[in-house]
Amino acid sequence: MRLFLAVDAGGTKTDYLLADETRELARVRGGTIKRMRTDAETAAGNLDAALSELAAKTGISMQSVSRTCVGTAGDGIPLVVDWLRAAMSARVAGDLLLLGDVEIALDAAFPGASGVLVLAGTGSNVAGRMRDGTLTFAGGWGPVLADQGSGHKIGVECLRAIFMAKDEGRSTALKEAVLGLWQLASLDALVEFANCPPSPDFSQLTGVTLRCAEQGDAVAMEVLRREGESLGHLAKLVMRRIQMESGIVPPLAFAGSIMEKIAPVREALIAAVREEYPTVRVLDGVVDPLAGALWRARGSAV
């Protein structure tokens, strides 16, 4: 019986699934192995620890694996894919397939079928599959150029909203919440902390923003609504391409921690899409990207 390894390499964590032709054998979670997020030594250590845990749980050597599928953000960036290709090939036997993280999530939602997948976690991306199997994308250009609706972008926009509120003479609970989280004494200290290298992890502010919004803070709600609408705009771009090619309105699915946990972003996204596509079918919950990577690894891809 052949063995397959599925890997979802995110910006802050990496999930692994070992399976045979019919069953899941074990799952583990480790630190990031994405080279844009960490150095080579740390990534290698995270990878070794996770693979060792998989082997310990199953009693199966990674040299018995027939095929591995890795989904990662930045799949078009040499620093990311070259390191992954070398690191995985040195540690795991069999064929290796490297795909984008949004692509494996799309496969989890709509294996072989047309649809649109919005992924938002530390970063964000939107992918769609045409009826003929062609893939089309929007966003996904990284934290400086895109990443609408992501944890990183929500954190940055949270900080910008604090200072815009100050300029406009508006009050917001975000100010004290952020100062408290980062243990800073003043806005001047926040300016220094946010702008000095290395940059802080802005995605830490996602939870703060959500809590303030849930407590009725209008500024926080505006941040989450705008980011959801920005993601909705990307989703509509992809949906229009698919509708133009096939004449149908594709269904919509979600993946990632923001889509799972930050309801105001998800709700604003859906509302923005339904302004143009009121009958769109939206899948409940979020998909499991590892299921898509496993589907690919088993060779079921179209």
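Two strands pair if DSSP finds at least two bridges between them, and a strand is itself a DSSP run (E, at least two residues), just as a helix is a DSSP run (H or I, at least four residues), with numbering from the N terminus. Keep that in mind for the close-ups below. This is a predicted model, where local features need pLDDT of at least 70 and side-chain atom pairs count only at pLDDT 80 or more, while totals for chains, interfaces and linings use all residues. Residues are numbered from 1 along each chain as its sequence is written, and side-chain values use heavy atoms, with hydrogens and water left out.

**View 1. Strand S1 has partners in S2 and S4.**
S1 covers residues 4–9, and 6 of its 6 residues are buried. Here "buried" means under 20% relative accessible area, "exposed" means over 50%, and "partly exposed" is in between (1.4 Å probe, protein chains only). In a regular strand the side chains alternate between the two faces of the sheet. Which residues of S1 are buried on each side? Phe4, Ala6 and Asp8 are on one side, and Leu5, Val7 and Ala9 are on the other. S1 is joined by 6 bridges to S2 (residues 13–19), and these two run antiparallel. They form a hairpin, with 3 residues between them. Look for Leu5 in S1 and you'll find its bridge partner, Leu18, in S2. S1 is also joined by 6 bridges to S4 (residues 67–72), but this pair runs parallel. There, Ala6 has Cys69 of S4 as its bridge partner.

**View 2. Met1 comes before the first strand.**
Met1 is in the segment before S1. Is Met1 buried or exposed? It's exposed, with a relative accessible area of 70%. Leaving out residues up to four places away in sequence, Met1 touches Asp20 and Glu21; a contact means heavy atoms within 4.5 Å. Met1 and Ser66 are 65 residues apart in sequence, yet their C-alpha atoms are 9.6 Å apart in space.

**View 3. Three residues make a nonpolar surface patch.**
Met36, Ile77 and Leu79 make a nonpolar patch of about 240 Å². Patches are built from residues with over 30% relative accessible area and no salt bridge, joining like charges within 9 Å and nonpolar side chains (Val, Leu, Ile, Met, Phe, Trp, Tyr) within 5 Å. A salt bridge is a side-chain nitrogen of Lys or Arg within 4 Å of a carboxyl oxygen of Asp or Glu. The areas come from the Shrake-Rupley method with a 1.4 Å probe, and for residues only the protein chains shown count as cover. Leu79 sits in helix H2 (residues 78–91) and is partly exposed, at 41% relative accessible area.

**View 4. Helix H3 is mostly covered.**
H3 spans residues 101–109, and 8 of its 9 residues are buried. The buried ones are Asp101, Val102, Glu103, Ile104, Ala105, Leu106, Asp107 and Ala109.

**View 5. Nonpolar residues gather in cores.**
A nonpolar core is a set of buried Ala, Val, Leu, Ile, Met, Phe, Trp, Tyr and Cys residues joined through side-chain atoms within 4.5 Å. The largest one has 49 residues, and Val118, Leu159, Val178, Leu252 and Met259 have the most contacts inside it. Helix H8 (residues 218–246) gives the most to this core, with 10 residues. Zoom in on Leu252: not counting neighbours within four places in sequence, its contacts include Phe110, Val116, Val118, Ala235 and Leu269. A second, separate core has 27 residues, including Ala44, Leu47, Met62 and Trp83.

**View 6. Ser124 touches residues from several places.**
Ser124 is in strand S7 (residues 124–129) and counts as buried, at 5% relative accessibility. Among the residues Ser124 touches, not counting those up to four places away in sequence, are Gly140, Asp147, Gln148 and Leu231. Asp147 lies in the loop between strand S8 (135–138) and helix H4 (151–168). Its phi is near 60 degrees, a positive value in a residue other than glycine, and at 7% relative accessibility Asp147 is buried.

**View 7. Two loops have backbone angles to look up.**
Gln183, in the loop between helix H5 (174–181) and H6, has a phi near 55 degrees, again positive in a residue other than glycine. Gln183 is exposed, at 71% relative accessibility. Where is Pro198? It's in the loop between helix H6 (187–195) and helix H7 (205–214). The peptide bond from Pro197 to Pro198 is cis, with omega near -10 degrees.
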